[in-house]
Amino acid sequence: MYTARANLQPLLIEGPQPGGQLTITTEVENYPGFENGIQGPEMMDVLHRQAARFGTEFLMEEATAADLRRYPFELTAGRHTISAEALIIATGASAKLLGLESEKRLMGFGVSACATCDGFFFKDKEALVVGGGDTAMEEATFLTKFCAKVTIVHRRNELRASKIMQDRARKNPKIAFIWDSVIEEIYGQPDKTGVTGVRLRNVKTGAVTDVRTDAVFMAIGHQPNTALFTGQLEMDDLGYLIVKPGSTYTSVAGVFAAGDVADRVYRQAVTAAGTGCMAAIDAERWLEARHQS
Ligand SMILES: Cc1cc2nc3c(=O)[nH]c(=O)nc-3n(C[C@H](O)[C@H](O)[C@H](O)COP(=O)(O)OP(=O)(O)OC[C@H]3O[C@@H](n4cnc5c(N)ncnc54)[C@H](O)[C@@H]3O)c2cc1C
């Protein structure tokens, strides 16, 4: 929207998941401007149309190569070779999932990868959190604000989380642990029924048990989608793009980063939109200065 309204003739390469992560969720209640909430896919349709209205062009392809050493930058997407005077990377960070068919089917119907986003829907209900790191402890602790009971399911018998996060979770009377166990199946229906339970397998004994729950929160980490830029842009230890503080400038002049791809902390739609706006303004000013010099 911002680059189109600034007459920069933007091309948006849509990639493997047009519309992004919100297309796999149901209700979004915390994006400003939608008083009664909105379905994720519908929200992305509205944003798509709003960007198109100002002349954004769209390409339904995945970028498979990027050469940021030459200028203009060169990208390959499908059969297309695209030349760009400025590049905004907003390829997101995908939540790591278990890979179960039932997990995919029930995503947004009790299966979630974001307690900040979906915890509120499970007031006085029971939830499972999958994981053993800081994120899992943080998500579980956060969920106890709403849920009657939260159970952390971990595939080992010790946690990877920092001591302080572990202590906080262990001391919380609403949090229980199930050790040495993995989820083999999630039960429920992708309608009002939602998630009803899971089948767990103990990795040491092989014993299989069914556990009742209303929600399953995956907290086994995120994978920033930055493989395309390895060796060309500065990244942190997890692969998130590093930007100059307070801006969206990456380590290559003319390349900007917005949204989850450069954000290992907040990962929200509103922060992604906010940094998207920053990236567009940064790009516009950078191009302007370049043309004047
Ligand atoms: C189930 C779920 C529910 C959520 N609920 C909420 C909520 O209620 N409220 C909230 O604020 N946040 C929520 N979030 C988080 C929110 O979705 C993200 O913070 C937000 O979508 C980040 O936007 P983004 O544009 O940075 O990345 P993404 O939404 O991840 O979009 C990345 C885009 O980049 C494209 N792409 C990736 N690789 C390539 C490539 N090689 N070439 C071309 N394109 C590529 C993808 O196709 C995709 O369109 C939720 C997330 C999930 C998973």
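**Exercises: ligand site and domain interface**

A polar backbone atom of Ala90 stands 3.4 Å from an oxygen atom of the ligand. The model is predicted.

**Exercise 1.** Decide whether the Ala90 pair counts as a polar contact, then treat Asp260 and Gln268 likewise.

*Solution.*
Step 1. The cut-off for a pair of N or O atoms is 3.5 Å. The Ala90 pair, at 3.4 Å, is therefore a polar contact.
Step 2. For Asp260, a backbone N or O atom lies 2.9 Å from a ligand oxygen; this pair also meets the cut-off of 3.5 Å.
Step 3. Gln268 uses its side chain: one of its N or O atoms is 3.1 Å from an oxygen atom of the ligand.
Step 4. As for cover, the ligand on its own has 1000 Å² of accessible area, and the protein covers 89% of this.

**Exercise 2.** Describe the shell of residues around the ligand by number and class.

*Solution.*
Step 1. The ligand is surrounded by 26 residues.
Step 2. Those that come nearest are Glu14, Gln17, Gln21, Asn30 and Ala269.
Step 3. Sorted by class, the shell holds eleven nonpolar, eleven polar and four charged residues.

**Exercise 3.** Characterise the interface between domain 1 and domain 2.

*Solution.*
Step 1. Set the bounds: domain 1 takes 2-95 + 222-292, and domain 2 takes 101-218. Their centres, over C-alpha atoms, are 31 Å apart.
Step 2. Count the contacts: nine residues of domain 1 touch ten residues of domain 2.
Step 3. Take the area: about 680 Å² is buried between the two domains, with 56% of it from carbon and sulfur atoms.
Step 4. Classify the side of domain 1 that touches domain 2: two nonpolar, five polar and two charged residues.
Step 5. Look for pairs: there are zero salt bridges between the domains, and one residue pair is in polar contact across the interface.

How values were computed
Residues numbered from 1 in each chain as written. Predicted model: local features only at pLDDT ≥ 70, side-chain atom pairs only at ≥ 80, totals over all residues. Heavy atoms only, no water. Domains from an automatic or database assignment. Contact = heavy atoms within 4.5 Å. Buried area = accessible area lost by both parts, 1.4 Å probe. Salt bridge = Lys/Arg side-chain N within 4 Å of Asp/Glu carboxyl O. Polar contact = N/O pair within 3.5 Å; in protein donor to acceptor, adjacent residues only side chain to side chain. Nonpolar A, V, L, I, M, F, W, Y, C, P; charged D, E, K, R; others polar. Near = heavy atom within 4 Å. Areas by Shrake-Rupley, 256 points an atom, 1.4 Å probe, with all protein chains shown as cover.
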